[in-house]
Amino acid sequence: MGVELYGMDFDATRGERDGGHGFTYTLLYADEARTKPIAMAEYHRCEVRTGRRQADDPEDFDAPAILPLNVPEAADWHKGRDPKFGPGPKWDLVQVEPLTISPSILCRDCGWHGFLRDGRWEPC
Ligand SMILES: [Zn+2]
């Protein structure tokens with residue numbers, strides 16, 4: 001089932017790409033032609049996040065976390081959006097295909113931590 005978040009429609013429960021270790025992701029673009037990556041939606045099994053979102057909004061519990069990229073198109077990413085998402089950190093887009101971003105990804109809710117390199121999740 002798709003959900004719309006930040007003006008983009010994507011899967012509610014898992015990303016388009018499988019990085020292994022229970023991690024999936026979808027690269028989000030600023031344009032319909034998919035030439036300007038702007039953020040990454042990341043999905044992992046996060047009991048803490050799931051529980052909190054279900055408490056806040058029963059319709060929102062499967063929503064992924066959004067990691068804005070350090071690109072010009074994402075400079076104003078946080079404006080007009082949920083304050084808890086911005087301005088906050090941004091990730092450097094090292095390589096689009098296969099996807100590599102930097103630095104590491106840390107879930108502050110459950111402690112899930114690792115790197116996305118060459119499209120694969122590397123736990124650390
Ligand atoms: Zn988590």
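User: Let's start with β4. How many of its 7 residues are buried?

Analyst: Keep in mind that this is a predicted model. A residue counts as buried once 20 or more other C-beta atoms lie within 10 Å of its own. By that yardstick β4 is mostly covered, and the number of buried residues is 5.

User: Which strands pair with β4, and over how many bridges?

Analyst: Take β3, residues 17-20, to begin with: β3 and β4 pair in the antiparallel sense over 3 bridges. β4 also runs antiparallel to β5. The bridges joining β4 to β5 number 6.

User: Can you give me residue pairs to look for? What is the bridge partner of glycine 20, and what is that of threonine 24?

Analyst: Sure, one for each pairing. Glycine 20 has its partner in β4, and that is phenylalanine 23. For threonine 24, look across to β5, where the partner is tyrosine 43.

User: What phi does histidine 21 take in the hairpin of β3 and β4?

Analyst: That hairpin has 2 residues between the strands. Histidine 21 takes a positive phi there, near 60°.

User: Now the inside. Which strand gives the most to the largest nonpolar core?

Analyst: The largest nonpolar core has 19 residues, and Ala39, Met40 and Leu69 have the most contacts inside it. At least two residues each come from β4 (23-29), β5 (37-43) and β6 (65-68). With 5 residues, the top contributor is β5.

User: Which residues is alanine 39 in contact with, leaving aside its neighbours within four places in sequence?

Analyst: Alanine 39 is one of the residues with the most contacts inside the core. Setting those sequence neighbours aside, its contacts are Leu28, Ile66, Leu67, Pro68, Leu69, Ala74 and Trp77.

User: Arginine 34 caught my eye. Is it buried or exposed?

Analyst: You'll find arginine 34 in the loop between β4 and β5. Its phi is near 60°, which is positive in a residue other than glycine. The cut-off for exposed is 12 or fewer C-beta neighbours. Arginine 34 has 10 of them inside 10 Å, so it counts as exposed.

User: And aspartate 118: buried, exposed or partly exposed?

Analyst: Aspartate 118 is in the loop between β10 and β11. Although not a glycine, aspartate 118 has a positive phi of about 50°. Because 13 other C-beta atoms lie within 10 Å, aspartate 118 is partly exposed.

User: Where are the cis peptide bonds at proline 98 and proline 103?

Analyst: The bond from glutamate 97 to proline 98 is cis, with omega near -5°, and proline 98 sits in the loop between β7 (92-95) and β8 (100-102). The bond from serine 102 to proline 103 is cis too, with omega near 0°. Proline 103 is in the loop between β8 and β9.

User: Which are the edge strands of the open sheet of 3 strands?

Analyst: The strand order is β9-β10-β11, and the pairing is antiparallel. An edge strand here pairs on one side only. That makes the edges β9 (105-106) and β11 (120-123).

User: Which residue in β10 stands opposite leucine 106?

Analyst: β9 pairs with β10, residues 113-117, in the antiparallel sense over 2 bridges. Across from leucine 106, in β10, is histidine 113.

Conventions. Residues are numbered from 1 along each chain as its sequence is written. This is a predicted model: local features need pLDDT of at least 70, side-chain atom pairs count only at pLDDT 80 or more; totals for chains, interfaces and linings use all residues. A nonpolar core is a set of buried Ala, Val, Leu, Ile, Met, Phe, Trp, Tyr and Cys residues joined through C-beta atoms within 7 Å. Helices (H or I, at least four residues) and strands (E, at least two) are DSSP runs, numbered from the N terminus. Two residues are in contact if their C-beta atoms, placed from the backbone, lie within 7 Å. Two strands pair if DSSP finds at least two bridges between them.
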